[in-house]
Amino acid sequence: MMRIPKEHIENQGYDSRSYAFSKQQPYSVRADTPDGQKVIHIKDAVEVLEDGRVRLNMYAPNAKSVKVVSRKIQVDLVKGEDGYWEGCIAYDYPGFKNIDFYIDDALVINPMAPIGFGSNRVMNYVEVPDEEQDYLLMKDVPHGAVIQEFFKSKVTGKYESCYIYTPPGYQKEPDVKYPVLYLQHGGGENETCWIYQGKTNFVMDNLIAEGKAVPMIIVMNNGMTRKAGEEKMPMSFGGNMMGVFKDMLIEDCIPFIEANYRVKTDKWNRAIAGLSMGSLQAAEIIMTRYDLFSAAGLFTGYTYPVINGRKPGPQPYEAILNDAETFNREVKLFYRAIGAEEVSFPLIKEEDRFCAEKGINTVSSVFPGEHEWYVWRAASHEFFQLLFRW
């Protein structure tokens with residue numbers, strides 16, 4: 001059984017989400033019922049307890065059944081006389097947990113549970129704090145800013161959006177320029193996810209305050225990029241796994257950032273990283289455009305796409321890995337991380353062997369967890385500390 005300090009459960013860093021900064025407050029409403037009008041008290045849908053369990057509830061007085069599915073765990077909620085269905089769920093370890101509520105087997109959004117974005121849809125979730133990841137907390141340190149920008153893309157033919165983290169002091173020090181990291185989300189996510197699921201701004205605030213990371217600007221783009229008029233995501237498993245994203249980043253986003261933010265513009269102060277799909281994007285970019293980037297972070301990622309758990313064959317952009325002298329000279333940090341329970345864990349160990357055989361310098365880390373934010377938060381925390389130390 002987990003033991004979670006109350007001060008972690010109540011930390012505002014875990015309440016911050018895309019639609020609100022502060023915790024959603026319970027409230028009361030008047031509703032017409034067959035017995036007349038009555039007051040309904042709307043309660044939190046998820047409550048983290050100090051023993052690590054999560055108390056769940058959903059107001060559905062006319063439902064025949066309500067259940068919750070989360071991390072392969074199903075809990076059938078029990079109906080009370082007040083119309084609320086309640087129950088508890090226990091996880092093996094803490095972290096960000098997707099939660100699916102079902103009313104009579106129909107997937108619904110619970111309006112009183114935290115709401116995020118993932119798997120190409122809005123979703124409910126709960127944060128189960130971890131004492132070992134206290135770098136996610138909002139602490140009494142100087143805080144940077146998060147800005148949403150819009151820019152017209154010549155590549156996609158439409159406006160694109162990116163989120164930008166600027167470090168503490170950026171507004172007060174007009175003569176200081178910063179290195180920049182382009183940080184990508186995973187498949188089915190968007191540019192908001194590294195902020196609201198990854199807590200990147202809080203992680204960087206804490207690292208900078210502790211003197212453990214070089215102050216930097218972080219740019220988070222939508223990697224599910226398509227051209228105007230396209231209905232499907234252009235994805236191929238040949239030399240261009242990411243469709244038009246690479247061109248949009250290089251031809252549109254980077255020039256926009258460098259024209260509007262105080263960033264250093266040489267390759268030694270520019271890095272690319274991502275999780276899952278974003279790690280494949282980062283891998284291809286670092287191997288084809290190491291003239292523009294000096295570091296890459298691959299979180300649950302490889303130097304190649306994986307189809308049905310297998311590598312589909314050599315990729316054209318992998319040729320640079322045959323020239324270890326050039327790659328090691330041009331790429332100062334090639335970081336790769338994965339969860340110990342990840343289904344594709346054997347593949348990354350094989351890639352460790354492959355890189356060692358080629359003489360490619362890498363930093364490779366394994367964290368507890370599966371294909372999830374628990375791993376990616378830990379990976380980003382380590383990666384940020386290694387960046388721009390050359």
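Trainee: Before we dig in, what does "partly exposed" stand for here?

Mentor: Buried is under 20% relative accessible area, exposed is over 50%, and partly exposed is what lies in between. Keep in mind that this is a predicted model.

Trainee: Okay, so what makes K6 partly exposed?

Mentor: K6 has a relative accessible area of 46%. That value sits between 20% and 50%, so the label follows.

Trainee: And which side chain does K6 meet in a salt bridge?

Mentor: That of E10, at 3.8 Å from N to O. The cut-off is within 4 Å for a Lys or Arg nitrogen and an Asp or Glu carboxyl oxygen, so the E10 and K6 pair counts.

Trainee: How do you know that R53 and D51 form one too?

Mentor: Their N to O distance is 2.8 Å, and the rule asks for within 4 Å, so they pass. As for cover, D51 is buried because its relative accessible area is 15%, under the 20% limit. R53, at 30%, is partly exposed.

Trainee: What about D252 and K154: why is that pair called a salt bridge?

Mentor: The closest N and O atoms are 3.3 Å apart, which is within 4 Å, so the name fits. The pair links distant parts of the chain: D252 is in helix α5 (residues 245–260), K154 is in the loop between β13 and β14 (159–166), and they are 98 residues apart.

Trainee: Buried or exposed: which word goes with D252, and which with K154?

Mentor: D252 has 5% relative accessible area, under 20%, so D252 is buried. K154 has 66%, over 50%, so K154 is exposed.

Trainee: How many salt bridges turn up in the whole structure?

Mentor: The search finds 23. Some are joined up: R336, K349, E351 and D352 are linked in a network.

Trainee: On to charge: which residues gather in the patch of negative charge on the surface?

Mentor: E7, E50, E131 and E132. Take E132, which sits in the loop between β12 (121–128) and β13 (145–152). Its relative accessible area is 65%, over 50%, so E132 is exposed.

Trainee: Last topic, cysteines. Why does C193 have no disulfide?

Mentor: The closest cysteine sulfur, in C162, is 15 Å from the sulfur of C193. A disulfide needs the two sulfurs within 2.5 Å, so that is too far for a bond. The disulfide count comes to zero.

Trainee: And what makes C193 and C355 buried?

Mentor: C193 has 0% relative accessibility and C355 has 1%. Buried means under 20%, so both labels hold.

Note on methods
Residues are numbered from 1 along each chain as its sequence is written. This is a predicted model: local features need pLDDT of at least 70, side-chain atom pairs count only at pLDDT 80 or more; totals for chains, interfaces and linings use all residues. Side-chain values use heavy atoms; hydrogens and water are left out. Buried means under 20% relative accessible area, exposed over 50%, partly exposed in between (1.4 Å probe, protein chains only). Patches are made of residues with over 30% relative accessible area and no salt bridge: like charges are joined within 9 Å, nonpolar side chains (Val, Leu, Ile, Met, Phe, Trp, Tyr) within 5 Å. Accessible areas come from the Shrake-Rupley method with a 1.4 Å probe; for residues, only the protein chains shown count as cover. Lys and Arg count as positive and Asp and Glu as negative; His and the chain ends are not counted. The place of a charge is taken as NZ of Lys, CZ of Arg, CG of Asp or CD of Glu. Helices (H or I, at least four residues) and strands (E, at least two) are DSSP runs, numbered from the N terminus.
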